[in-house]
Amino acid sequence: MTIFLIVLAIMLLLVGVAGTIFPVIPALPLMLGGAWLLAYAQNYTVMASGSLIVLGLIAAFGFAMDFVAGLLGAKYTGASKQALWGSLIGGLVGIFMGLFGMIFAPLIGAMIGEFMAKQDLLRASKVGIGTFVGIIVGTVAKIGAALAMILVILSQYGVYWFQAA
């Protein structure tokens, strides 16, 4: 049973790592679940609850940044409420449109919302670019959080193996 749990945990971690590239996969929650399962399978001897709390905080930060970064990018450019709603609606619609939709639907939604509010194509384009930059920043934060999580897990095993030797 322990081997099965460890293999399942490693699979969750790998799928989570893949999820940093494919936005449809909830990368950080899967990685946190894999880390918890790995700790549980080994009776918390390698990774204790403190490590899991750190991993949870990293995952929460990365997940939040990935989720709201597009909105923050739009807000930074002075977007109207309609543009922010357009970005949010575009993001939700984009989930069902694959990778292209996940990247460009929030941008298009923000542009449409801003154009509807201000009737200014140049301003709408600026808001769209701000949304896109925000999405890129969110993706970088998610990748950084995933990398930090992997490094925490590997360091826990490194310390454990060094002490056992």
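**Cores, a helix pair and an aromatic cluster**

In this predicted model, the largest nonpolar core holds 23 residues, and the ones touching the most other members are Leu28, Leu38, Met47, Leu55, Met149 and Ile153. Four helices each put at least two residues into this core: α1 (2-19), α2, α3 and α6 (121-164). The top contributor is α2, which gives 7 residues. Leucine 55 makes a handy example of how things fit together here. Setting aside neighbours within four places in sequence, leucine 55 is in contact with Leu32, Ala35, Met47, Met149, Val152 and Ile153. Another core lies apart from the largest one; it has 6 residues, including Ala74, Leu84, Ala110 and Val127.

Next comes the pairing of two of those helices. Helix α2 covers residues 27-41 and helix α3 covers residues 49-76; their axes come within 9 Å and cross at roughly 170°. An angle over 145 degrees counts as roughly antiparallel, and α2 and α3 are therefore roughly antiparallel to each other. On the α2 side, the contact is made by Leu28, Pro29, Leu32, Ala35, Trp36 and Ala39. On the α3 side, Leu52, Leu55, Gly56, Ala59, Gly62 and Phe63 do the job. Sorted by class, this contact comes out as 10 nonpolar residues, 2 polar ones and no charged ones.

Trp36 leads straight on to the aromatic side chains. A search of the whole structure turns up 4 aromatic pairs. One of them joins tryptophan 36 and tyrosine 40: the ring centres sit 5.3 Å apart, and with 20° between the planes the pair is stacked. Tryptophan 36 and tyrosine 40 are 4 residues apart in helix α2, so about one helical turn separates them. Tryptophan 36 has 42% relative accessibility, so it counts as partly exposed. Tyrosine 40 is also partly exposed, because its relative accessible area is 42%. Tyrosine 40 has a second partner, tyrosine 44, and this time the pair is edge-to-face, at 6.5 Å centre to centre and 75° between the planes. Tyrosine 44 counts as partly exposed too, with 34% relative accessibility. Put together, Trp36, Tyr40 and Tyr44 make up one aromatic cluster.

Finally, a couple of loop residues have backbone angles worth a look. Most residues other than glycine have a negative phi. Asparagine 43 goes the other way: its phi is positive, about 55°, although it is not a glycine. Asparagine 43 is found in the loop between α2 and α3, the two helices that cross at roughly 170°. With a relative accessible area of 62%, asparagine 43 is exposed. Glutamine 119 is another non-glycine residue with a positive phi, in this case near 55°. Its place is in the loop between α5 (98-118) and α6. Glutamine 119 has a relative accessible area of 56%, so it is exposed.

How values were computed:
Residues are numbered from 1 along each chain as its sequence is written. This is a predicted model: local features need pLDDT of at least 70, side-chain atom pairs count only at pLDDT 80 or more; totals for chains, interfaces and linings use all residues. Side-chain values use heavy atoms; hydrogens and water are left out. Axes are lines fitted to C-alpha atoms, for helices over the stretch in contact, and angles run from 0 to 180 degrees between N-to-C directions. Angles under 35 degrees count as roughly parallel, over 145 as roughly antiparallel, 65 to 115 as roughly perpendicular and the rest as oblique. Contact means heavy atoms within 4.5 Å. Ala, Val, Leu, Ile, Met, Phe, Trp, Tyr, Cys and Pro count as nonpolar, Asp, Glu, Lys and Arg as charged, and the others, Gly among them, as polar. Rings of Phe, Tyr and Trp (its six-membered ring) pair if their centres lie within 6.5 Å; planes under 30 degrees apart count as stacked, over 60 as edge-to-face and the rest as tilted. Buried means under 20% relative accessible area, exposed over 50%, partly exposed in between (1.4 Å probe, protein chains only). A nonpolar core is a set of buried Ala, Val, Leu, Ile, Met, Phe, Trp, Tyr and Cys residues joined through side-chain atoms within 4.5 Å.
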